[in-house]
Structures are given as structure tokens and as C-alpha cells.
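Student: I have a model open and some questions about it. Can we go through a few spots?
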Amino acid sequence: LPQSPPLLLGSALLGMCYHDNSLVSASLEALIQHLVPTVDYYPDRSYVFTFLLSSRLFLPPYELMTRVCHLCVEQQRSGDALLDKIRFREVAPKLVQLLTEWTETFPYDFRDERMMRCLKDMTHHVARGDEVSYSWRAMQQMTQRLIKRLSALGQYEEAVAALNAVAMERPASLKSKQASAQRSDVLSVCDDPFVLAQQLTHIELDRLSFIGPEEFIQTFAMKDPLENHKGFFRKRKTSNLEAYVSWFNRLSYLVATEICMPMKKKHRARIIEFFIDVAQECFNIGNFNSLMAIITGMNMSPVARLKKTWNKVNTDKFDILEHQMDPSSNFSNYRTALRGATQRSETAHSSQEKIVIPFFSLLIKDIYFLNEGCASRLSNGHINFEKLWELAKQVSEFLVWRQVICPFDRDRRILQYLVTTPIFTEDELHLASYESEGPENNLEKDSRRSLRSSLLHRENRT
């Protein structure tokens, strides 16, 4: 990210420290003042994004918005009502620009009624200046776009909840391995690895597109010991980010379920080989999240212990994919592949080449450790803005990946299967695995006996 130079002079620069023309630390009050536009000044866009993203570590967004709007209005006061009106009319376009950037980049902040109230108050204030002005019309259009975005978010969350409810249903066909043979399997729905990888990419990009950039910061916003606004963070959950992580877990369990379900060893081997090919196609597309979910599912112990099945599989491609996602040296192989995909995306000639879907859990982990490993405040009470630049750099890269439109045709039947078909629980997976290939030692025999007993007990209770 380009860094904001010291554009303000005099009192606005008090409490702000620069190094090589880059802001490195400042008091919270100075940072808020630096965000406030004037007739002659508008903050650098990279500063606006960085501070709006991470300011929630120190105060809730509604409080920041209230203070910024108040300062913007107060700075125009001269004691002469007519002069004040003229001066506010001059600064209004820049205030509207700031609020537009806020509503478009962080729309979920405005699910807080206090934010919407403040936005409404500023619309009235702009209207008092000139009801037919460009600024008033821009405020109206901005509010309409915001409401449309929040409506789409609500519809998405309802749809995900409905899909999850369908997927949680436990039909009788899944309660025993013999009966589950009647259930459709992935090969009966789609036997083309490239098509399945394309549909997985649709799901990934759909769900990525609804994750707000602020959700990365909200995951650890409560950890700041100086934060006194816990109530705000309890209300604003990181629901879209959590739903995306849940999708990864579902895909892993779906892969394991599909492998453990078939009665015949030959069929299990065929499904393993199919998912290896799907994983390879995901890698080629740049869909690293689905790739890692598939590898995770194939490495789950109920699948990994099926030695007779694996003996029938050519694992050369799988070994290469595992090497690419090897966690050693902090996932250095994957990070190299991700850089390659990012470079391809930056010079892309087609929509397909633009696709970069990171291994999401590692992205969250990277941001978490960046936050944990670096103090948010310095010993003099200043906010460590160098840290905020780094957080913004990581999150802004995600925003570029998030906005890619999936270029592949949708197959509703395949998509429906991937997100709603019932999957085994961990205990059911282990039992299905033992029924595919019997226990090899006393420990596994005891485990099977215990699983049968506990699952039977659960079924009787339901």
C-alpha cells in the first residue's frame, strides 16, 4: 500500500510521527483528525482504508463516524450562520466522498442502527445546505446502494442457513453403511474432475464475496486490553468468515464420506482417484482452499487407514499435491505457488486466469499472528500505525481476490449436491471405515465396539 504523506500542517500534525515520509505512529485523536476532510484537504485513500479497517481495535465504528462527522461540521463554524452554510457546502462533496468509501468498502458496519442514524443525520445536514446540490443527490444514491448491499447480505445469510439446515438432516440412508449404498454418490452426479473443480470454485467465490474485510480484524478485536466497547463486538459477529471456514470443514468431511461409503474396494479406489484429479484441477485453477480441503479429507484417519483401498490407487499425483501443500517451513511450497497464481492474476488475459482463492485458514492465521506478534500501542500511548499498514496490506490483497467473478457455467444439480448432501460425522466415518476394512489390532477392535455402542445409543434416543 502507498503510505500517506503528512499533508496537514500545524495542529493537525501534532501527535503524528513520520519516517521517510510515511506515517509510523500517532495518537488516536490525531488519527481521527487526519481522517476528517476540509475544503483544501482529503486523506490519502490508502490511509482511509487502513484506518477504517483497524480503528475498530480502539473504538467502535459508530463512535468514529460520529466524531468524524462532528469535527467536519464544527470546523466550518465561524459564528455567522450564512457563512457557515457556504463553508459546509464547500466541504460537503469531500465528506460525501469519505462516507461513500466507508459504505462501499465496509458496508457491514452499517448494520448497526447507530451508523445508519448518523448517516441519515448527515444527509439532512447536507440537504440544509442545498437540497438540489450534487452532494445531496450523491448521499441519496450512496444510501440506496448501501441498502441494496445489506439486503443482498441478509438474503445470502438466510440462504446459507437454509442450506446448512438441509445438510444437517440425518436421513435413515446415512445411519448404516449397508443402507447408504442406496444413496447417490459424487460420481453419479458428476464424473468429470474439471467440472467438479469449477463448481467448487463457484461456491468458494460466492462465499468469499460476502466476507467483509473488517471481519478479519473483528476476530481479534476483543483482545486489546484497552478496548472498553466489548458490547459492539459481541453484537457484530464474524458470521460470513465463520461460514466460509465451515464450508472448508464440510468439503473435507464430504470427501471422506464419499470414500468411506462404498462397500466395494474397487469403487472406493475409483473415488479416491477421482478426488485426486479434482484436487489437481483446483490447483490449476488457483483454487487452493478446495485443494487443501480435499487433501485434508483424504488424510483423515478413517480414510488413511484403508490400506487395501490405497494399494489400488496410483498416488503419484497425490504425492505431488501433498508436497505443494506441505506445512513444513511455514507452508513455503504453497506460498510460492500462491505468489505464482497472484502474478498470473495481475497479468491475466482471461477471467479464469484472475482466480486466486487462498488456503483461507492460513490467511486468517497469518493475520492473527501479525496482530499477536506486534503491539497495537507503543509505550508513549501512540497507535502503532506501521502494524496497521501491514494488516491493511494483507486484507487489501484478499479484497482483490474476492472481487473476481467466476467465469464457469453453473451446474445447479452439482452445486446442490456439494452443499446439501448429508455427510458422516467423525464417529460415523470411523465406523464406516471399519466396515470397509476390518480392525487390524485390538485397539481398533475396541474402537469399533465403542463406536457401535455409542451410535446405537444415539439412534435410540432420537
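Tutor: Yes, starting with a term: a helix here is a DSSP run of H or I with at least four residues, numbered from the N terminus. I86 lies in one of these, helix α4 (residues 81–105). Keep in mind that the model is predicted.

Student: Is I86 buried or exposed?
Tutor: I86 is partly exposed, because its relative accessibility is 38% and that class runs between 20% and 50%.

Student: Which residues form a nonpolar patch on the surface?
Tutor: L82, L83 and I86 do, and together they have about 270 Å² of accessible area.

Student: New topic. Where is F210 found?
Tutor: F210 sits in the loop between α9 (193–208) and α10 (214–221). F210 is buried, because its relative accessible area is 15% and the cut-off is under 20%.

Student: What is F210 in contact with, leaving aside its neighbours within four places in sequence?
Tutor: Its contacts are Y108, R149, A152, L153, Y156, E215 and N240. As for R149, it is 61 residues from F210 in sequence, and the two C-alpha atoms are 9.8 Å apart.

Student: How far apart are the end C-alpha atoms of α12?
Tutor: They are 31 Å apart. Helix α12 (residues 239–260) has 22 residues, which at 1.5 Å a residue should span 32 Å, so the two values agree.

Student: And how many residues of α12 are buried?
Tutor: 16 of the 22, so the helix is largely enclosed by the rest of the structure.

Student: Aromatics next. How many aromatic pairs does the structure hold?
Tutor: There are 19. One of them is F216 with F398, which is edge-to-face, at 4.9 Å centre to centre and 75° between the planes. This pair links distant parts of the chain: F216 is in helix α10 and F398 in helix α20 (residues 385–402), 182 residues apart.

Student: Are those two rings buried or exposed?
Tutor: F216 is buried, with a relative accessible area of 2%, and F398 is buried at 0%.

Student: What about F385 and W389, why is that pair edge-to-face?
Tutor: Because their planes are at 85°, with the ring centres 5.0 Å apart; over 60 degrees counts as edge-to-face. F385 and W389 both lie in helix α20, four residues apart, about one turn of the helix. F385 is buried at 0% relative accessible area, and W389 is buried at 3%.

Student: Which residues do ring pairs link into a cluster?
Tutor: The cluster is made of F248, F283, F288, F331, Y334 and F359.

Methods
Residues are numbered from 1 along each chain as its sequence is written. This is a predicted model: local features need pLDDT of at least 70, side-chain atom pairs count only at pLDDT 80 or more; totals for chains, interfaces and linings use all residues. Side-chain values use heavy atoms; hydrogens and water are left out. Helices (H or I, at least four residues) and strands (E, at least two) are DSSP runs, numbered from the N terminus. Buried means under 20% relative accessible area, exposed over 50%, partly exposed in between (1.4 Å probe, protein chains only). Contact means heavy atoms within 4.5 Å. The expected span of a helix is 1.5 Å times one less than its number of residues. Patches are made of residues with over 30% relative accessible area and no salt bridge: like charges are joined within 9 Å, nonpolar side chains (Val, Leu, Ile, Met, Phe, Trp, Tyr) within 5 Å. Accessible areas come from the Shrake-Rupley method with a 1.4 Å probe; for residues, only the protein chains shown count as cover. A salt bridge is a side-chain nitrogen of Lys or Arg within 4 Å of a carboxyl oxygen of Asp or Glu. Rings of Phe, Tyr and Trp (its six-membered ring) pair if their centres lie within 6.5 Å; planes under 30 degrees apart count as stacked, over 60 as edge-to-face and the rest as tilted.
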